[in-house]
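Thank you for making room for this on the agenda. Please have a look at the chain and its model before I take you through a few places in it.

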Amino acid sequence: FFINIMTRQVMKEEKTLMDSLSATGIGTSISVEEFRHIVLLFSTDTSANLTIKFQGSAAETEPTFSSARSTANHWDYVAVNDYQDGGLIAGDTGIAPAGTDDFRTLLVNTDGINWVNAEITAYTTGGATVKVRGYSD
């Protein structure tokens, strides 16, 4: 007789990648290597007009997401799935609210990803907040 009890590993608290960032730039990198699923809680404020992209890396050590990608600094923009409609948002495209605030729950394609971050690549007005939760089951 065999009983398999699976335990669900959950990130104990939401981690903040960026908190109402109101300029171009990156957030704070989060290690996600212990989690199978990564959920992002994305929101904007003050009638945001910006472009945000999500970054990931399979590197063992944290890359410098604000620097150019290279062999020694390996990272890429990663695709995310929107929970609202199941649509895939390409990593190189990102999300671009244009004067209307946006609130989304997103799933990161995390196969083999050790680090995540977010970057505002174009900015006119408003701010962006991104929080992360990790899950394994």
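In which strand is the place of Ser 20? Ser 20 belongs to strand S2, and I should say straight away that what you are looking at is a predicted model. The phi angle of Ser 20 is near 50 degrees, which is a positive value in a residue other than glycine. With a relative accessibility of 30%, Ser 20 counts as partly exposed.

Another serine can be described in a similar way, and that is Ser 47, which is found in strand S5. Ser 47 is not a glycine either, and its phi is positive, at about 50 degrees. Its relative accessibility is 39%, so Ser 47 counts as partly exposed.

Let me now turn to the interior. In soluble globular proteins, nonpolar side chains tend to be buried together. In this model the largest nonpolar core has 25 residues, and those touching the most other members are Leu 40, Phe 42, Ile 52, Phe 54, Leu 106 and Val 130. At least two residues of this core come from each of strand S2 (15-21), strand S5 (37-57), strand S9 (103-108) and strand S10 (115-136). The strand that gives the most to this core is S5, with seven residues.

To see one of these core residues in its surroundings, take Ile 52: leaving aside residues up to four places away in sequence, Ile 52 touches Met 18, Phe 42, Gly 94, Ile 95, Ala 118, Glu 119, Ile 120, Ala 128 and Val 130.

Next come the aromatic rings. A pair of aromatic rings is described by the distance of the centres and the angle of the planes. The structure holds three aromatic pairs. In one of them, the ring centres of Phe 42 and Phe 54 are 6.3 Å apart and the planes stand at 85 degrees, so this pair is edge-to-face. Phe 42 and Phe 54 are both buried.

Trp 75 and Tyr 77 form an edge-to-face pair as well, with 5.1 Å from centre to centre and 90 degrees between the planes, and both of these residues are buried. Ring pairs also bring in Phe 65, so that Phe 65, Trp 75 and Tyr 77 are linked into a cluster. Two charged residues can be added to this picture: Lys 53 lies over the face of Tyr 77, at 5.0 Å from the ring centre, while the charged end of Arg 69 sits over the ring of Trp 75, 4.8 Å from its centre.

Back in strand S5, I would like to point out Thr 44, which is buried, with a relative accessible area of 4%. What does the side chain of Thr 44 reach at 2.8 Å? It reaches the backbone nitrogen of Asp 102, and the same side chain makes a polar contact with the side chain of Asp 101, at 3.1 Å. Among the residues that Thr 44 touches are also Pro 97, Phe 103 and Gly 127.

I will finish with Asn 114, whose place is in the loop between S9 and S10. Although it lies in a loop, Asn 114 counts as buried, at 14% relative accessibility. The residues it touches include Ile 30, Val 32, Ser 57 and Glu 60. Pro 97 is 17 residues from Asn 114 along the chain, and their C-alpha atoms are separated by 28 Å.

Methods: Residues are numbered from 1 along each chain as its sequence is written. This is a predicted model: local features need pLDDT of at least 70, side-chain atom pairs count only at pLDDT 80 or more; totals for chains, interfaces and linings use all residues. Side-chain values use heavy atoms; hydrogens and water are left out. A nonpolar core is a set of buried Ala, Val, Leu, Ile, Met, Phe, Trp, Tyr and Cys residues joined through side-chain atoms within 4.5 Å. Buried means under 20% relative accessible area, exposed over 50%, partly exposed in between (1.4 Å probe, protein chains only). Helices (H or I, at least four residues) and strands (E, at least two) are DSSP runs, numbered from the N terminus. Contact means heavy atoms within 4.5 Å. Rings of Phe, Tyr and Trp (its six-membered ring) pair if their centres lie within 6.5 Å; planes under 30 degrees apart count as stacked, over 60 as edge-to-face and the rest as tilted. A charge sits over a ring if NZ of Lys or CZ of Arg is within 6 Å of the ring centre and within 35 degrees of the ring normal. A polar contact is a pair of N or O atoms within 3.5 Å; within protein, one must be able to donate a hydrogen and the other to accept it, and residues adjacent in sequence count only if both atoms are side-chain atoms.
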